[in-house]
Amino acid sequence: MNDATEAVASLGYCGRQGEHLEVVENTDDIHNLVVCTLCSCYPWTVLGLPPAWYKSAPYRSRAVSDPRGVLEEFGTKLNEKSIIRTWDSTSEMRYLVLPQRPADTENWSEQDLRQLVSRNSMIGVELARSPELAEEGDK
Ligand SMILES: [Co+2]
């Protein structure tokens, strides 16, 4: 949380577009969503190529004007009281969402927890997978 660039570099993810990375954490009250309203700034070194929808004009505008609607289209239902924060990535600063850890995973290994984290959950359009769905891949 204090230095995401350093943290991802320590795992071997470094290079262009991975610098100046900030991690934003989902909690019971706050859900974070990442967009680039201007173009397609994205943490490539960590997440690979951005999905086509990330670069689309509707996503770029609606992530700001109607984030809850965007999340619903991804099948993501949030607690009504949670606040959605939209982070606008730029070439100077890129954001990565830290998904909230699902309940009943206290004894899970890092390896097992990894299966709950999808690309989409790190953009913020989805939540971490529930433990029963751990085997599903990215769509
Ligand atoms: Co951009």
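Where is the place of Ser89? In this predicted model, Ser89 belongs to the loop between strand 3 (83-88) and strand 4. The legends below start from the whole chain and then turn to close-up views.

**Figure 1. Overall fold of the predicted model.** The protein has seven helices and four strands. Read from the N terminus, the order of elements is α-β-β-α-α-α-α-β-β-α-α. The protein is as compact as a globular protein of its length, because its radius of gyration of 15 Å is close to the 14 Å that the globule rule gives for 139 residues. The C-alpha trace spans about 40 × 35 × 25 Å along the principal axes. Of the 139 residues, 37% are buried. The accessible surface comes to about 8300 Å², and carbon and sulfur atoms account for 51% of that area. Among contacts between residues at least 6 apart in sequence, 63% join residues at least 24 apart.

**Figure 2. The cobalt ion and its protein donors.** The SG atoms of Cys36, Cys39 and Cys41 are the protein donors, at 2.1 to 2.2 Å from the cobalt ion. Along the chain, the donors follow the spacing C-x2-C-x1-C. Cys39 has a relative accessible area of 38% and is partly exposed. Cys41, with a relative accessible area of 11%, falls under the 20% cut-off and is therefore buried.

**Figure 3. Surroundings of Ser89 in the loop between strand 3 and strand 4.** Ser89 is buried, its relative accessible area being 2%. Neighbours within four places in sequence are left aside in what follows. The contacts of Ser89 then include two of the cobalt donors, Cys36 and Cys41. Val34, Val35 and Tyr54 are also in contact with Ser89, as are Arg94 and Tyr95.

**Figure 4. Strand 1 beside strand 4.** Strand 1 (residues 21-25) and strand 4 run parallel and are joined by five bridges. Strand 4 (residues 94-98) is mostly covered, with four of its five residues buried. In a regular strand, side chains alternate between the two faces of the sheet. Glu25 lies in strand 1 and stands opposite Leu98 in strand 4.

**Figure 5. Contacts of Glu25.** Glu25 is partly exposed, at a relative accessible area of 40%. Leaving aside neighbours within four places in sequence, Glu25 is in contact with Met1, Ile30, Asn32 and Leu98. The C-alpha atoms of Glu25 and Gly124 are separated by 10.0 Å, although the two residues are 99 apart along the chain.

**Figure 6. Aromatic pairs of the protein.** The count comes to six aromatic pairs. Trp53 and Phe74 form an edge-to-face pair, with 4.8 Å centre to centre and 65° between the planes. Trp53 lies in helix 3 (residues 52-55) and Phe74 in the loop between helix 5 (67-73) and strand 3, so this pair ties together parts that are 21 residues apart in sequence. Trp53 is partly exposed at 22% relative accessibility, and Phe74 is partly exposed with a relative accessible area of 26%. Trp87 and Tyr95 form a tilted pair, with 5.0 Å centre to centre and 40° between the planes. Trp87 is partly exposed, with a relative accessible area of 22%, whereas Tyr95 counts as buried at 12% relative accessibility. Ring pairs link Trp53 and Phe74 with Tyr42, Tyr54 and Tyr59 into a cluster.

Conventions
Residues are numbered from 1 along each chain as its sequence is written. This is a predicted model: local features need pLDDT of at least 70, side-chain atom pairs count only at pLDDT 80 or more; totals for chains, interfaces and linings use all residues. Side-chain values use heavy atoms; hydrogens and water are left out. Donors are N, O and S atoms within 2.8 Å of the metal (3.2 Å for Na, K and Ca); water is not among the atoms, so sites may look incomplete. Buried means under 20% relative accessible area, exposed over 50%, partly exposed in between (1.4 Å probe, protein chains only). Helices (H or I, at least four residues) and strands (E, at least two) are DSSP runs, numbered from the N terminus. Two strands pair if DSSP finds at least two bridges between them. Contact means heavy atoms within 4.5 Å. The radius of gyration is taken over C-alpha atoms; the globule rule is 2.2 Å times the number of residues to the power 0.38. Accessible areas come from the Shrake-Rupley method with a 1.4 Å probe; for residues, only the protein chains shown count as cover. Rings of Phe, Tyr and Trp (its six-membered ring) pair if their centres lie within 6.5 Å; planes under 30 degrees apart count as stacked, over 60 as edge-to-face and the rest as tilted.
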